[in-house]
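Visitor: I would like a close look at a single part of this model, set against the chain as a whole. Please take me through the stretch you choose and then outward from there.

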Amino acid sequence: MDARFVQEQVGHEHASTTAIYTCVSSDFRTRTLRRALDATMQAALRPARRA
């Protein structure tokens, strides 16, 4: 996957932080990205709070 895409999905400010994921198993990368995407989707689908 594109490193920039992964960086944005997991919320890393610096590309160097994301770089640690380039040396791990594809299973670990997939699980980590899946958790980030699931959290993003849950947040997006959560009803907005009224002030």
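Guide: The chain has three helices and zero strands. Read from the N terminus, the order of elements is α-α-α. The model is a predicted one, with a mean pLDDT of 83 over the chain and 92% of the residues at 70 or more. Among the elements, helix α2 (residues 15–18) has the lowest confidence, with a mean of 82, while helix α3 (residues 26–45) has the highest, at 89.

The part to look at is the place where helix α1 gives way to helix α2. Start with Gln7, which belongs to helix α1 (residues 3–10). Gln7 has a relative accessibility of 7% and is therefore classed as buried; the cut-off for that class is under 20%. What does Gln7 touch, once its neighbours within four places in sequence are left aside? Its contacts are His12, Glu13, His14, Ala15 and Thr18. Of these partners, His12 sits in the loop between α1 and α2, and Ala15 and Thr18 are the end residues of helix α2, which spans residues 15–18.

Now turn to His12 itself. With neighbours within four places in sequence again set aside, His12 is in contact with Gln7, Thr17, Thr18 and Tyr21. The Gln7–His12 pair thus appears from both sides, in the contacts of Gln7 and in those of His12. Thr18 is likewise a partner of Gln7 and of His12. Looking back towards the start of the chain, His12 and Met1 are eleven residues apart in sequence, and their C-alpha atoms are 15 Å apart in space.

From this part, one can step along to helix α3. Arg29 is placed in helix α3, and its relative accessibility is 37%, so it counts as partly exposed. Between Arg29 and Gly11 there are 14 Å from C-alpha to C-alpha, for a separation of 18 residues in sequence. Further along helix α3 comes Thr40, which is also partly exposed, because its relative accessible area is 40%. Thr40 and Ser16 are 24 residues apart along the chain, and 22 Å separate their C-alpha atoms.

Past that helix, Arg46 lies in the segment after α3. Arg46 has 53% relative accessibility and so counts as exposed, the cut-off being over 50%. Its C-alpha atom is 23 Å from that of Phe5, at a separation of 41 residues along the chain.

The totals give the setting for these residues. Of the 51 residues, 16% count as buried, and Gln7 is one of the buried residues. The radius of gyration of the chain is 13 Å, whereas a compact globule of 51 residues would come near 10 Å. Taken along the principal axes, the C-alpha atoms fill a box of roughly 45 × 20 × 15 Å. The exposed area of the chain is about 4400 Å², with 55% of it supplied by carbon and sulfur atoms. As for charge, there are 8 positive and 5 negative side chains, and 9 Å lie between the centres of the two sets.

Definitions and conventions. Residues are numbered from 1 along each chain as its sequence is written. This is a predicted model: local features need pLDDT of at least 70, side-chain atom pairs count only at pLDDT 80 or more; totals for chains, interfaces and linings use all residues. Side-chain values use heavy atoms; hydrogens and water are left out. pLDDT is the predictor's confidence in each residue, from 0 to 100. Helices (H or I, at least four residues) and strands (E, at least two) are DSSP runs, numbered from the N terminus. The radius of gyration is taken over C-alpha atoms; the globule rule is 2.2 Å times the number of residues to the power 0.38. Buried means under 20% relative accessible area, exposed over 50%, partly exposed in between (1.4 Å probe, protein chains only). Accessible areas come from the Shrake-Rupley method with a 1.4 Å probe; for residues, only the protein chains shown count as cover. Lys and Arg count as positive and Asp and Glu as negative; His and the chain ends are not counted. The place of a charge is taken as NZ of Lys, CZ of Arg, CG of Asp or CD of Glu. Contact means heavy atoms within 4.5 Å.
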